[in-house]
Number of protein chains: 2
Amino acid sequence: LTISERLGDQLGFLLDVDRLKLIERETSLVGGARRETVAEHSWHVALAALVLGEYATAGLDLGRVVAMLLLHDLGDIESGTAEPGEPRDAERQEREGEAARRVFKQLPGDQGVLLMRLWREYEEGATPEAAFARGVARLQPMLATVANEGDVWSRHGITADRVAEEVQGLETAAPQLWQAALAVLEQAAESGIIEMPPQPVEAEGGDGVRARRGRRKGRTR
Amino acid sequence: LTISERLGDQLGFLLDVDRLKLIERETSLVGGARRETVAEHSWHVALAALVLGEYATAGLDLGRVVAMLLLHDLGDIESGTAEPGEPRDAERQEREGEAARRVFKQLPGDQGVLLMRLWREYEEGATPEAAFARGVARLQPMLATVANEGDVWSRHGITADRVAEEVQGLETAAPQLWQAALAVLEQAAESGIIEMPPQPVEAEGGDGVRARRGRRKGRTR
């Protein structure tokens with residue numbers, strides 16, 4: 001019994017990406033027991049794309065969205081996740097891209113190129129699939145952080161406009177989800193779970209998060 | 001800004017299934033740092049299905065396979081994973097089915113029925129998609145356990161024939177993967193990582209794991 005070189009490389013890749021279970025994200029599990037791992041996040045957002053696929057612009061290829069979400073964070077396998085508030089500048093993007101390339105390079109050439117292309121598509125966020133995927137990938141931690149009363153946001157001084165900006169890809173890729181994300185943020189601000197920015201923000205289309213000041217639960221800034 | 005009842009139910013479901021990150025499986029991470037969570041396993045096997053999809057019998061719907069794998073363990077959310085060697089008897093299957101039903105019931109009716117049907121399809125294993133999904137779901141922990149020198153297997157006295165039986169769905173759904181799984185097991189047995197069963201086993205097709213006795217690395221049973 002033997003294993004072809006091609007299949008051997010594929011199994012080697014699958015064994016290697018096990019490392020993604022060791023990388024922690026900033027977001028806590030609902031209830032706050034610990035932080036979630038990147039692997040757990042990747043599962044959660046792929047499932048979220050399935051469940052919320054009906055809100056995506058018609059004609060969008062949901063299979064490609066799910067594939068992208070399963071591998072979108074493989075670049076974190078060596079560099080770790082970005083700190084909240086850490087700008088994903090050119091230097092960091094370069095580093096993640098290098099890590100992703102190294103990981104995908106373990107696959108047979110044709111397949112490595114294909115998956116690296118999907119990874120890149122997600123990074124660039126230009127296609128409807130990538131925009132939807134990016135929005136869903138940020139919606140999940142947003143919901144968890146609301147459930148955890150804003151733990152990450154207050155720890156890092158992150159305001160509602162910043163979070164809204166992160167899910168902005170949904171505005172065209174899935175307008176109803178975009179509206180829902182804004183509604184969740186608005187309610188979070190009203191409950192004092194997240195701060196509104198110091199300056200009023202005019203969201204495009206005039207229906208963004210309004211710069212209403214949330215009641216603070218005795219929290220100081 | 002409001003959220004429709006339908007979308008609210010879907011977001012509630014997505015928040016609730018966060019609990020899958022708290023359920024541990026028996027399989028250790030590669031390197032043995034800790035056990036993997038069910039959410040991590042679900043991510044890993046969905047990605048494995050993408051990477052290994054080319055070995056599936058022609059005409060198989062890979063999108064359905066990935067969807068199944070993303071939700072196949074949602075029945076564990078309340079009952080926990082089965083102990084290795086624990087028979088998945090009618091009583092346990094009933095319990096998992098009940099848990100899955102409760103979880104999916106949080107979704108809008110039509111969608112809950114659809115996803116429960118996928119969950120059930122995986123459980124029954126009768127379609128090519130389900131057979132492939134089940135095989136891939138067992139291949140991943142098999143590879144991790146080989147990398148960890150058989151930790152789970154020796155802890156629970158699990159022999160090679162039992163593991164081969166678990167991935168048997170691959171025999172028709174992806175013959176090359178089935179051959180590869182047998183090759184991995186055979187080599188593991190030769191290295192003393194897993195025990196062969198006391199009695200020779202004739203696998204169907206005459207090409208199963210041969211009942212050759214592996215060298216034991218000074219391990220007693």
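The two copies meet through the same surface, because 100% of the interface residues of chain A are also interface residues in chain B. The model is predicted. A turn of 180 degrees, with a shift of 0.0 Å along the axis, lays chain A on chain B with an RMSD of 0.0 Å. That is the relation of a two-fold axis.

Each chain contributes to the contact: 56 residues come from chain A and 56 residues from chain B. Together the chains bury about 4700 Å² between them. Carbon and sulfur atoms account for 73% of that area. Leu1(A), Lys21(A) and Trp43(A) supply 18% of the area that chain A buries against chain B, more than any other three residues.

Polar links also join the chains. Four salt bridges are counted between chain A and chain B. In one salt bridge, the side chains of Lys21(A) and Glu36(B) meet at 2.7 Å, N to O. Residue pairs in polar contact between the chains number 23. On chain A, the elements that give two or more residues to this side include helix H1 (5-16), strand S2 (35-37) and helix H11 (175-190). H2(A) provides the largest share, 11 residues. By class, this side of chain A has 38 nonpolar, nine polar and nine charged residues.

Helix H3 of chain A, residues 62-71, is mostly covered, with seven of its 10 residues buried. Among them are Val65(A), Met68(A) and Leu71(A). The cover includes helices H2, H5, H6 and H7 of chain A, together with H2 and H3 of chain B. At the N-terminal end, Asp61(A) caps H3(A). A side-chain oxygen of Asp61(A) lies 3.1 Å from the backbone nitrogen of Gly63(A).

How values were computed: Residues are numbered from 1 along each chain as its sequence is written. Chains are lettered from A and ligands numbered from 1 in the order in which they are written. This is a predicted model: local features need pLDDT of at least 70, side-chain atom pairs count only at pLDDT 80 or more; totals for chains, interfaces and linings use all residues. Side-chain values use heavy atoms; hydrogens and water are left out. Buried means under 20% relative accessible area, exposed over 50%, partly exposed in between (1.4 Å probe, protein chains only). Helices (H or I, at least four residues) and strands (E, at least two) are DSSP runs, numbered from the N terminus. Contact means heavy atoms within 4.5 Å. A polar contact is a pair of N or O atoms within 3.5 Å; within protein, one must be able to donate a hydrogen and the other to accept it, and residues adjacent in sequence count only if both atoms are side-chain atoms. Copies are superposed by least squares on the C-alpha atoms of residues with pLDDT of at least 70 in both. Buried area is the accessible area (1.4 Å probe) that two parts lose on being put together, summed over both. Ala, Val, Leu, Ile, Met, Phe, Trp, Tyr, Cys and Pro count as nonpolar, Asp, Glu, Lys and Arg as charged, and the others, Gly among them, as polar.
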